[in-house]
Every structure is written in C-alpha cells, then in structure tokens.
Amino acid sequence: MAYSWKFKADQFSKTSPTYVAYCRAFSLLDKIRELKAEKKSSLEGPEKLLGVMSTLTEGCIRKITKLDNELSLNRVNLMQRKNIENTIRTILLSVNILHAFLRYIDATRLSRNPTGMIKPWELLIRKYGGELNIIIRPQWKYNYSYYNMVTILKKINDIIRDQETELELQEIGLYFPILSFAGLERDNVLLHIILAHEIGHLIDEIRKISSLEKHGDKIIETLNTPPVSDKLNRLYDLSVNIMKTLKTKLQETPGVTYELFIEHEAKSEAQTELVNKIITWLEEITADIIAVRIIGPSFIFALYQTQLAQVSKMGPAGDYPPPQIRIENCIEYWNTLDKEDKFFDPKTTDTDGCQSIKECVRKYLDDIKQKETETLPEPSVIDKLQKERYNLLTEILVDVVKNPISSIKESIARCIEPFKLDDGVFRLIELLKDRITPVRSEGKKVDSSTRPECDIASILNASWIFWLTHERDIAPGEEGTKTEEVASLDKLRISYYEPLVEISHLILKGIELADFDKQFSDLKQRHKSTRNS
Amino acid sequence: MDVEFNNLGVISKKEITEYLNQKKLIISPMLDAEIQIGRCSVDIRLGNEFITTKETQLSVLDVRDRENLKNNIMQYQEKIRIGYGEPFILHPREFVLGASLEYVSLPLDLMAYVVGRSSWGRLGLVIATATLIDPGFKGVITLELANIGKVPLKLYPCLRIAQLVFHKLSSETEGYSGQYLTSTGPKFSEIYDDKELPYIIPKGKNDTQK
C-alpha cells in the first residue's frame, strides 16, 4: 500500500536536500506500515519500536515542512539559509538511520535467524538485565556488537524536538538493545556464545559497573605513581620521537618553534589516546568478565576461536585490549571462580570432564605464547618505534586497569549470580556422544509445569566441551588410531568440518526442541488452569 | 535390566514404554506421553521446517544427469521455517517435505513404519509414501506431505500428524548409516548419491548435449 505523499515533488530540484529528505521520510513511513501489516516479526518489542519510529518519522516530516517554509521566506539571509539547509541534511541523516533500524527489525524474522536461538538468548538477557525489549539480528559485517537504540532515537528527537515522540520514547524505557552477530556464522552455534560478551556490555551499561566516575580516582592515582608515571613520561618521549622521525622522513626542516609544537601535539595526542583506551579497556574487560560469569568456560573457547587470527598481531588493534590479554584475563577469572564459587566440585561433577577443560585451557595458553614468540620479518625504524610505543602503552594500560578491574570483579560478584557447570552439562555431553539432540529437559522425571527452561548456557557449554574433548582429538598422532584416515591436510580439514557442522545442527535442534517444549507446556498449563477456573 | 521379548512383530504400549524408559528408544521431546503413546504406536508431531520446490523454474529432475540433478535440487528448493502457532498452508495437489518435531533414535533391534493418522487422511492429507525407518536411525523423520483433497489445509507445528509403529527384529542388525542420518530438518532427496546409478543408467552420447 503506497502512502499518500503530501508534498508537491515538482516544487523541488531533485537534488535538493529537502526533496531527498521528504522522499526518504515518506518511503520510510510506507515501509513501516507494510511491516506492521505483515507482522513479520513475532516479537512484541519490535512492534512497539515500529510505533515510535513511525511517530518520529512523522515528526521529521513536520520539521522538514517547517524548515522549508522558513526557506521560502524572502527575509532569510544567506547565512540563515545555509543553517536551515544543514539542519535538513541532519534530519535526512536521521531518517537514513531509521531506515537502517527498519532493516534490523526485518532481520529478526525467523527465517533469517537460527531456529530457537533468539528466545533462549532473550531469557538469558532478562535473567540478568531485567524486562527488556531486544533485537537480535544477523549482520553482513563480520562482527558481534551491541548498542542501545533508545540513545540514538533520543538523539534524533533532540534534533526535531517532537513532544509526541518523547512521550512514546518514555514508554519504551531506557534500554532497547540491539545485539548483532556475524551473519556468516549464522548456523555456527558454537560461536554465538560471543553474544555473551555483548550482553556483558548491556549489563555493564545498566548497572554502571565500569563507569569512569566510579574508577576515575584510582586511575589518576595509578597514573601519578611510579613506575606507571615513569612509563608514561617514556611514552610521551616516544610519541614525540616518532613524530619527529616521521617529519624528518618527509624531509621537512624542523625549526625550534616547530619542535615545540610537535612536542605539544604529540603529548596531547598521546593523552587523548590513553584516556580513550582506558575507557575502552575497562568496558571490554568488564564485558568479558561478565560473559565468563554468566555463561561459563565456553565463552573463553569461543573468544579464542574468534580472536585466533589476531593473536599473533603485535600492532595496535584499535582501542581494544589485545586478544591474548583478554583471553588470559578470562582464564584467570575463570580459575578464581573455580575455587571461590565451587565452579567444579569434584564430588558432584564428572572430574574427567573438568580435567579435559583445564587441559584445553592450558593448550590455549601455550598456543598464545607460541604465537607471541613467532619470528616476524625485520621491522623498519618507524615500525620498531611504533612497536616499542605500543608495548609500553599496553604495559601502562595493564597497570592502570589492574585496580579498577579487581573492584569491578567484586561488584560483579555482588550483583551477578554465576553460571553453574552442573552434572546436567555432562549428561548433555553424553547425549551428544550418541548423536542425540541435547534437549535440556529430556530424561528428567519432572512435572511438566516445573520443567526447567531451555538453558542455553548449559547446552552451549556441553557442546563446546564435547567438541574440544571428543571431536577435536582426531588429529593425527594424538589418538594414534585415526592417523591413516587423516593423513592429508584436506582430509584432516574435512574430518574437523563435518562433525562440527553436525554438532551445530544437533545443538540448534536441541535448543529449538527445548523452546517448543517450554511453549507447549506453558500453553497446556494455562489451558488447564482456565478450564479449572 | 535389559528388555527381553520372546515375541517378535509389532510391539505394544507396554514394551514401547519399556524401551523409552531404558533410553534404548529415544523420542525427543515427548511433549505429552499420555496422549502420544497409543496401544501399539507413538504419535509424532509436525515440525516447523518445510521444503518446497520452485516448480515454475525447474524443467525436469533426471536421475541420469547426476551433477545437474544435485544442482537443480539445491537451486530450486526453498526452506520455509515457521514459528510456534503459525500456520503452513498446504494447497490442493501441492507436495512439500515436512519433518517430525521429534528427534528419533531407534535401537538396533527395532525398525519402524511411519503411518498417517486417519483423522488427517479423512481431510485429504497424505503423510508419507516411503515409510520405513531402519534400525539404528537417528534424526528427525522427513514426511512427504501431499494434499489430495479439494480445499487448502492449514498445518501448525506440534500437531500430531503421523504415528510410528515399531517392529521387533529377530536379531540385532547393523545400524543405519545412510545419507539421512542425524538429520535435524526435512531433507530433500539425495538420490544422486546412490552408488549404483552410474551403471544402472549409464550416460548416453546424447546426454552430454543437455
């Protein structure tokens, strides 16, 4: 159904921002209406969001009309005209962002997502983050990410200042998280566990665990105390040195004044970089810790798999902490949980299983160290200086975040209940060994009303442990029995790939069946109680 | 304690329950055992995945031309997934592949037949044509659904759509190891993998021009 466009298209030049903004806004309204009518998404949250987006778009159209009327007045001078046009361009940008959001909602359709995965993730998020509307969607970019849609919608509303939208936004609440996973790994369920890190960001934002306001004093204190303060001075010197070397390379003649300028610039750049990195490091490490806490050791394995390519990379990886530091930190935290929270109680759990996880973790650590010591080609002067600077900066950051991280761990321990690797996980491993779908509730003689909910953490942990301890051990030489079968590399790859795909399908089916099981028993219970009353 | 039966043939409710309790036979999830386990059969439910064929673009499926057959099957099939409580509409004369909701694992001394429920048969729904399940099979059961009635039928996931009748074998046999093992959704035909095809229907000279 086409929306009745209420503007005279002939009045505008086809390239004018007003014309483009009108077209984009009206087509957005059309699409929202279509999506509402089709009810493509079975979730409640997106429908609410569609309402807000519709009001917001209408607000944008009203604002464009108002600005366009102002433009048509004769008394508007050139400066004012430019300002108005810029505002229209900003609205156009906002409308384009809303178009992108619409695509995200569209992407929540069942056919685009692994069956049954969304509901268990929602359950997990609600367990730790409270009653929230959530969008989980695949994205083309190979990335896993989180952001809060409400923040962006509010920013858009700040531009148009629409009261109606403001009221609707208040109804949505403070958070409407969008969690994205790499579309390419849609069916690779074992990597979906990286979403736990993104949930970590959400929990951190809600509970303000890593906020700089809480940890700022400690950070400043560390920065001003030796040895960190000495390292910091060395970092500034190095930054200046790098800049000077670069300038010399460009054959520019440095004067005294210019030198001072370079010094000032390099120092201030290094300071900004340091502050940004401290914030990101705190946020990322906090999210990692929360992920290990809520999902268990399988997060470490998934993190390792996704970061594998970056482990050997010694250069700066954006503002993020290097993968080896993240993985080591997770392992360290998991080990403390092991002792303090009785993560593995040998009396109640399968000790062989625990032992094999520990062995795997040790193997991972060895792998990381080996990659670190790998010889790299002879670097240039600038590369050497950059590497030295990067290593120094990493050292400083490790020192700086140490204190805040330990208090962050304490606050996480206070407010987030840890995931228990109970005997259920090991029972699920047994099912996988027999190529049976790991349905959580299967085999437990419980009343259907008290049947445990689909526990995604247990299923994914079981699958990881199974994969690491039973399926991966087919490499030549390790078992000694399958050496002939996997003599060539191609055969080895195939022998890894096929069981992994099979396991992924089994896990997906298991999760889906558990989800159906839950919905069925809920409805049956509701039906019974209605009949009784 | 092991299951011991002197009589061979179709097994009854008591024996089915015994097999299920001993985890020799697995039907997962059994949403409502009381309703599903009948006197000599177990009702299975409809899953939420379907495979339809884009017939309008497909000229022919010829088993002789194995490469093209495989490509055609991959290219012209479409997987549809629906949510709990949502309908799948099967029109008259339409043929689709569905699957059981349950993941089934048979022991080595049992085989099973998939049989339609008469309640559905009376509405014009044919459930399965190839109905035998081998001992040792693990996976969901692909159902060949066809509406031979005159009105469209709305099918919903979790509806009890077919039943399994189990037969006891005279002795344990080798487990099923075919291409449909551990399937988790409906699977289209993999007839191109039949090993005897090249010598049963050898390629003629004219075939290469196709």
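These legends go with several close-up views of a predicted model with chains A and B.

**View 1. The largest nonpolar core, with Phe299(A) among its best-connected residues.**
This core takes in 150 residues. The residues with the most contacts inside it are Ile193(A), Leu195(A), Ala196(A), Phe299(A), Ile300(A) and Cys330(A). Helix α10 of chain A, residues 256-295, gives the core its largest share, twelve residues. If you centre your viewer on Phe299(A) and set aside its neighbours within four places in sequence, you will find it in contact with Ile193(A), Ala196(A), Ala291(A), Val292(A) and Cys330(A).

**View 2. An exposed residue of helix α10 of chain A, Ser268(A).**
Here we stay with helix α10 of chain A, where Ser268(A) is found. Is Ser268(A) buried or exposed? It has 12 other C-beta atoms within 10 Å, and a residue with 12 or fewer counts as exposed, so Ser268(A) is exposed. Look also for Tyr236(A), which is 32 residues from Ser268(A) along the chain, with 8.9 Å between their C-alpha atoms.

**View 3. Helix α6 of chain A and its buried face.**
Helix α6 of chain A covers residues 163-172, and its buried residues are Thr165(A), Glu168(A) and Leu169(A). Why do these buried residues line one face of the helix? Seen down the axis of α6(A), they fall within an arc of 105 degrees, so they share one face. As general background, an α-helix has 3.6 residues a turn, so residues three or four places apart point the same way. On the other side of α6(A), the exposed residues are Gln163(A), Leu167(A), Gln170(A) and Glu171(A). Just after the helix comes Gly173(A), with a positive phi near 105 degrees.

**View 4. The loop residue Lys208(A), with a positive phi.**
Lys208(A) sits in the loop between α7 (195-207) and α8 (212-224) of chain A. Its phi is near 50 degrees, a positive value in a residue other than glycine. Around Lys208(A) there are 11 other C-beta atoms within 10 Å, so this lysine is exposed.

**View 5. Helix α14 of chain A, with a bend at Lys402(A).**
This helix runs over residues 381-415 and has 35 residues. From its first C-alpha to its last, α14(A) reaches 49 Å, close to the 51 Å expected at 1.5 Å a residue. Where does α14(A) bend? The bend, of about 40 degrees, is at Lys402(A), and Pro404(A) follows within four residues. Pro404(A) is also one of the buried residues of this helix. The others are Leu393(A), Ile396(A), Leu397(A), Val400(A), Val401(A), Ile405(A), Ile408(A) and Ile412(A).

**View 6. Lys433(A) in helix α15 of chain A.**
Helix α15 of chain A spans residues 423-433 and contains Lys433(A). This lysine has 11 other C-beta atoms within 10 Å, so it is exposed. Trp467(A) is 34 residues from Lys433(A) in sequence, and the two are 9.7 Å apart in space, C-alpha to C-alpha.

**View 7. Chain B as a whole, for orientation.**
Before the last close-ups, here is the setting: chain B has five helices and 13 strands. Its C-alpha trace spans about 60 × 40 × 25 Å along the principal axes. Of its 210 residues, 29% count as buried. Among the contacts in chain B with a separation of 6 or more, 80% come from residues 24 or more positions apart.

**View 8. The side of chain B that touches chain A.**
At this interface, 15 residues of chain B are in contact with 19 residues of chain A. Two elements of chain B, β2 (26-28) and β7 (95-105), give two or more residues to this side. With three residues, β7(B) gives the most. By class, the chain B side has eight nonpolar, five polar and two charged residues.

**View 9. Two backbone details in chain B loops, at Pro29(B) and Arg93(B).**
A cis peptide bond, with omega about 0 degrees, joins Ser28(B) and Pro29(B). Pro29(B) lies in the loop between β2 and α2 (33-36) of chain B. Turning to the loop between β6 (88-90) and β7 of chain B, you will meet Arg93(B). Arg93(B) has a positive phi of about 65 degrees although it is not a glycine. There are 10 C-beta neighbours inside 10 Å of Arg93(B), so this arginine counts as exposed.

How values were computed
Residues numbered from 1 in each chain as written. Chains lettered and ligands numbered in written order. Predicted model: local features only at pLDDT ≥ 70, side-chain atom pairs only at ≥ 80, totals over all residues. Core = buried A, V, L, I, M, F, W, Y, C linked by C-beta atoms within 7 Å. Buried ≥ 20, exposed ≤ 12 C-beta atoms within 10 Å, placed from the backbone. Contact = placed C-beta atoms within 7 Å. Nonpolar A, V, L, I, M, F, W, Y, C, P; charged D, E, K, R; others polar. Arc of directions from axis to C-beta. Expected span 1.5 Å × (residues − 1). Bend = angle between axes of the 7 residues up to and from the residue.
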